[in-house]
Amino acid sequence: MRHFLLLVVLCSLIFDRPAWAITEPVRPTEKKEKIDLWSTPYNEALRIERRAFNQRSSLEKIVGGTLAFALGTYGYYNDDNQQIAGKLIYSATQSGGILALSDGIIGLSSSSTVIALDNAFQKKGELTYSDYKRIVVQSRQASELGEIRKTAISTGLLAILYGYNTYKEGSGNQVLRNTFGFLAFNFTLFSGVSFYRWINFEEIAPTQPKIQIGASINSGSSVSIKYDF
């Protein structure tokens, strides 16, 4: 009888478990998709950067600058009834055309650090810190050299333009001749300095570490010799 009662108690514990003994099955944790909050603003910034360094816009500047220069040149040298104000307007049109033309020419070879880094990431998938520094330095050097070239070319063309206008006004208006002569002299100086910086522009290159073979003479019998390459 005692064994029968013990068996009944065990069965009740097995089949009629209390609520606290019931455990829910463990569900696997669902992985949440990682949302990149920077994709949209980055793509917008990249789009603006590519638009600023777009070759099509550079070509448009070249075409527009050429047309403006041609229009100013034709009006300045072929309009016989123009006064001083008209010549100044045509001359300003020539100058604007030259600036736009030189800006477009340099824009074709200019580079953006952001675009260069993005292209490198797209190509390699990942970059080392050394690659990152190299791209930044090379892009900065290209931008700096581009500005030097732009100044050299634009001021050189303006110096030639105003020098020729000075020559054409040799027997004409004294005020215009002096004004163009003054501008030609100053732009010649600016162009000379810029061309000098262009020719002597040095790109920063990493210096190779020296190979050293060293040894020393100790108190014992060891001997060392040091060579630097």
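This passage describes the secondary structure, nonpolar core, aromatic pairs and largest pocket of a predicted model.

The protein contains seven helices and two strands, and along the sequence these elements follow the pattern α-α-α-α-α-α-α-β-β, with the helices preceding the strands. Of the 229 residues in the protein, 22% are buried. Among the contacts with a sequence separation of 6 or more, 63% are accounted for by residues 24 or more positions apart.

The largest nonpolar core is made up of eight residues, namely Tyr-76, Ile-98, Leu-158, Leu-161, Tyr-162, Leu-176, Phe-180 and Ala-184. Two or more residues of this core are given by each of two elements, H6 and helix H7, the latter spanning residues 174–199. In soluble globular proteins, nonpolar side chains tend to be buried together. Within the core, Leu-161 is in contact with Ile-98, another core member, and, when residues up to four places away in sequence are set aside, Leu-161 also touches Phe-69, Tyr-77, Gln-94 and Ser-95. Ile-98 is likewise touched by Ser-154, a residue of helix H6, which runs over residues 129–168. With a relative accessibility of 8%, Ser-154 falls under the 20% cut-off and therefore counts as buried; beyond Ile-98, the contacts of Ser-154 include Leu-99 and Ser-102, again leaving out residues up to four places away in sequence.

Nine aromatic pairs are present in the structure. In one of them, the ring centres of Tyr-129 and Tyr-132 lie 6.1 Å apart with their planes at 15 degrees, and the pair is stacked because this angle is under 30 degrees. Both residues belong to helix H6, where a spacing of three residues separates Tyr-129 and Tyr-132 by about one helical turn. Their accessibilities fall into separate classes: Tyr-129, at 60% relative accessibility, counts as exposed, whereas Tyr-132, at 38%, counts as partly exposed. A further aromatic pair, between Tyr-164 and Tyr-167, is tilted, with a centre-to-centre distance of 6.3 Å and 35 degrees between the planes. Tyr-164 and Tyr-167 are also three residues apart in helix H6, and are therefore separated by about one helical turn. Tyr-164 is partly exposed, at a relative accessible area of 41%, while Tyr-167 is exposed, at 65%. Tyr-164 and Tyr-167 also take part in a cluster in which ring pairs link them with Tyr-76, Tyr-77, Tyr-162, Phe-180, Phe-187 and Phe-190. This aromatic cluster and the largest nonpolar core have members in common, including Tyr-76, Tyr-162 and Phe-180.

The largest pocket has a volume of about 260 Å³. Its lining comprises 15 residues, and those lying nearest the pocket centre are Phe-53, Asp-103, Gly-107, Ser-110 and Glu-147. Two or more lining residues are contributed by each of helix H3 (55–78), helix H4 (84–107) and H6, with H6 providing the largest share, five residues. By residue class, the lining of the largest pocket divides into seven polar, four charged and four nonpolar residues. Helix H6 thus recurs across the features described here, since H6 gives residues to the largest nonpolar core, holds the Tyr-129 and Tyr-132 pair as well as the Tyr-164 and Tyr-167 pair, and supplies the largest share of the pocket lining.

Conventions. Residues are numbered from 1 along each chain as its sequence is written. This is a predicted model: local features need pLDDT of at least 70, side-chain atom pairs count only at pLDDT 80 or more; totals for chains, interfaces and linings use all residues. Side-chain values use heavy atoms; hydrogens and water are left out. Helices (H or I, at least four residues) and strands (E, at least two) are DSSP runs, numbered from the N terminus. Buried means under 20% relative accessible area, exposed over 50%, partly exposed in between (1.4 Å probe, protein chains only). Contact means heavy atoms within 4.5 Å. Rings of Phe, Tyr and Trp (its six-membered ring) pair if their centres lie within 6.5 Å; planes under 30 degrees apart count as stacked, over 60 as edge-to-face and the rest as tilted. On a 1 Å grid over the protein atoms alone, a cavity is a set of points where a 1.4 Å probe fits but cannot get out, and a pocket is an open set with protein on both sides within 12 Å along at least five of seven lines; lining residues have an atom within 4 Å of a point. Grid points are joined across faces, edges and corners, and a volume is the space filled by probe spheres set on the points. Ala, Val, Leu, Ile, Met, Phe, Trp, Tyr, Cys and Pro count as nonpolar, Asp, Glu, Lys and Arg as charged, and the others, Gly among them, as polar. A nonpolar core is a set of buried Ala, Val, Leu, Ile, Met, Phe, Trp, Tyr and Cys residues joined through side-chain atoms within 4.5 Å.
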